[in-house]
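Student: Please pick one part of this model and go through it closely. I would like to see how it connects to what surrounds it, with the cut-offs stated.

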Amino acid sequence: MNKPRSVREADAGGKRVLVRADLNVPLKDGRVADDTRIRAALPTLRYLLEHDAAGLAVCSHLGRPKGRDPTLSIEPVRRRLLVLLADERIEVLENTRFDQGETKNDPEFARRLAEGRDLFVEDAFGSVHRAHASTVGVAELLPAYAGLLLERELEELGKLLGEVERPFVLVSGGAKVEDKLGVLRNLGGRADMVLVGGKMAEQLRAENPLGFEVELPRDVVAAAAFAADAEAKVVPYDALPDGWLGLDIGPETREAFAAELAGARTIFWNGPMGVFEWPRFAEGTRAVAEAVARSEAYSVVGGADSARALRELGLEDAVSWLSTGGGASLELLEGKDLPGVAVIPET
C-alpha cells in the first residue's frame with residue numbers, strides 16, 4: 001500500500017496551506033448536529049498552526065447539493081470549527097460541491113482552489129476514494145502531503161490487510177451485499193468467522209457468491225410492516241410470517257454473535273444488524289456494539305451507521321479505531337487504490 005509523505009515532512013513555516021478536510025457533518029436547523037468529523041480535523045490544523053503556517057484555507061464538501069443550495073452552505077460548519085479552534089489564520093472555504101467542477105475533477109476549479117497557496121495537505125480520508133478537484137486536482141498543482149488523520153486511518157485500517165492476531169472475526173450488516181461484496185471477499189476469505197446481519201443476511205441466504213460459509217441469523221425480530229411502531233415478534237429465521245419483514249437479529253443470534261466476538265483477537269465491524277434508528281429494532285446493533293467494545297481484540301469499526309451506533313451508546317472510545325470513512329474504508333480494505341492517496345508522493 002502506498003505510504004504517502006506526511007505533513008510532518010512539510011516546511012509549513014510562513015506558508016499558505018490548502019487543507020482538504022472532511023467537514024461533511026449533519027446539520028439540523030442550521031446548526032451542526034454532530035461535530036465528530038470537525039474534531040477529527042483539528043490535530044492537523046493545530047499542527048500546521050504550531051509550525052507557523054501563515055494561513056490555512058480549509059475546504060470540504062457538504063452533502064450533495066444541486067447547485068448553490070443555501071441549506072448546505074458551509075457557514076454553520078465554519079462557525080463550529082472556529083469555536084473549537086479560534087485562530088485568525090484559518091479561513092473556511094465554501095462547499096466545494098457548489099462548483100460543478102468539483103466532482104468532475106475540473107482543472108480550472110482545481111487551479112482556483114490552489115491559487116495563492118504554497119502547500120496542499122490531504123486529510124479527508126472519507127473522500128480520498130473520489131477523484132475530485134479538491135482531492136486529486138489540487139494535489140497535482142501543489143506540493144502535497146498527508147495529514148495526521150489520513151495517516152492514522154491508513155495505518156489502522158492497513159493492519160487488517162497484513163498478518164493479524166487470530167481468531168479474526170468480521171461482522172457485516174446493512175442493506176446491500178453488493179456494496180460490501182469486495183470487502184467480504186477480500187477480508188472475509190482471510191477471517192476465521194464472518195457474521196452477517198441486516199438485509200444482507202437475507203440476500204446471502206438466498207444466494208452466497210462469496211465462496212466460503214458465513215454465520216447468518218438464527219432468529220429475527222419480525223415486523224408486520226416497515227414502521228417504527230409496527231406489530232413485532234421474535235421468530236426463527238425460516239418461520240417469518242408471509243408479508244412480514246425481519247428488521248433486526250433476534251436474541252439467540254445476538255448471544256451467538258456476542259460469543260464469537262468475545263473470543264476474537266481481531267475484529268472488523270461495518271454495518272448495523274437491523275433498522276437501528278428505531279428503538280424497537282436496535283437491540284441487535286446494540287448487542288454487537290457492546291460485544292465489540294467489551295472485547296480485548298484489536299477492533300476497527302467503519303461506516304457511518306456503525307459509528308453512529310457506537311457514539312449514541314457512548315462506546316466510541318472503547319474500540320481500537322473508529323474510522324471516519326465509509327466508502328473509503330471499504331475500498332481500501334477491498335484492495336483498491338484510493339485516488340486521493342495515490343496522487344501524494346510517497347515518503
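Tutor: What follows takes strand β8 as the part and works outward to its sheet, the helices on it, a cavity and the other sheet. The model is predicted, so local features need pLDDT of at least 70 and side-chain atom pairs pLDDT 80 or more, while totals for chains, interfaces and linings use all residues. Residues are numbered from 1 along each chain as its sequence is written, and side-chain values use heavy atoms, without hydrogens or water.

Strand β8 covers residues 168–172; strands (E, at least two residues) and helices (H or I, at least four) are DSSP runs numbered from the N terminus. Five of the five residues of β8 are buried (under 20% relative accessible area, 1.4 Å probe, protein chains only), so β8 is largely enclosed by the rest of the structure. In a regular strand the side chains alternate between the two faces of the sheet. In β8, Phe 168, Leu 170 and Ser 172 point one way, and Val 169 and Val 171 point the other way.

On one side, β8 pairs with β13 in the parallel sense over five bridges; pairing requires at least two DSSP bridges between two strands. The residue opposite Leu 170 in β13 is Phe 268. Strand β9 also runs parallel to β8, and four bridges join the two. In β9, Val 194 is the residue that stands opposite Leu 170. Leu 170 therefore has a residue opposite it in β13 and another in β9.

These strands belong to an open sheet of five with parallel pairing, in the order β9-β8-β13-β14-β15. β9 (193–196) and β15 (321–322) are at the edges with a single partner strand each, so one side of each has no neighbour in the sheet. Strand β14 (residues 298–302) is joined to β15 by two bridges, again parallel. There, Val 300 stands opposite Trp 321.

Helix α6 packs on this sheet and touches β8, β9 and β13 (contact: heavy atoms within 4.5 Å). The direction of α6 makes about 175 degrees with that of β8; angles run from 0 to 180 degrees between N-to-C directions, along axes fitted to C-alpha atoms, for helices over the stretch in contact. Helix α8 (residues 251–262) lies across β8, β9 and β13 too, at about 150 degrees to β9.

Between some of these elements there is a void. A search of the whole structure finds one cavity of 30 Å³ or more, where a cavity is a set of 1 Å grid points, over the protein atoms alone, at which a 1.4 Å probe fits but cannot get out. The space in this largest cavity is about 30 Å³, taken as the space filled by probe spheres set on points joined across faces, edges and corners. Leu 170, Ser 172, Lys 180, Val 183, Leu 184, Phe 268, Asn 270 and Leu 330 make up the lining (an atom within 4 Å of a point). β8, α6 (177–186) and β13 (266–270) each supply at least two of the lining residues, and α6 gives the most, with three. By class the lining has five nonpolar, two polar and one charged residues; Ala, Val, Leu, Ile, Met, Phe, Trp, Tyr, Cys and Pro count as nonpolar, Asp, Glu, Lys and Arg as charged, and the others, Gly among them, as polar. Leu 170 and Ser 172, both in this lining, are on one face of β8 together with Phe 168.

Leu 330, another lining residue, brings in helix α11 (residues 327–334), where Ala 328, Ser 329, Leu 330, Leu 332 and Leu 333 are buried. Their cover includes α5 (148–158), α6 and β13. Gly 335 follows α11 and has a positive phi, near 100 degrees.

The other sheet offers a point of reference. It is an open sheet of five strands in the order β5-β4-β1-β6-β7, with parallel pairing. The edge strands are β5 (90–92) and β7 (144–146), each with a single partner strand, so one side of each is left without a neighbour in the sheet. The twist averages 25 degrees from one strand to the next. β1 (residues 16–20) and β6 (residues 119–122) pair in the parallel sense over four bridges, with Leu 119 in β6 as the bridge partner of Val 17. Tyr 145 is in edge strand β7 and is buried, with a relative accessible area of 10%. The residues that Tyr 145 touches, leaving out those up to four places away in sequence, include Leu 119, Phe 120, Val 121 and Glu 122, as well as Arg 5, Ser 6 and Ile 344.

Definitions and conventions:
1 Å grid on protein atoms, 1.4 Å probe; cavity = no way out; pocket = protein on both sides within 12 Å on 5 of 7 lines; lining within 4 Å. Buried < 20%, exposed > 50% of the residue type's maximum accessible area, 1.4 Å probe, protein only.
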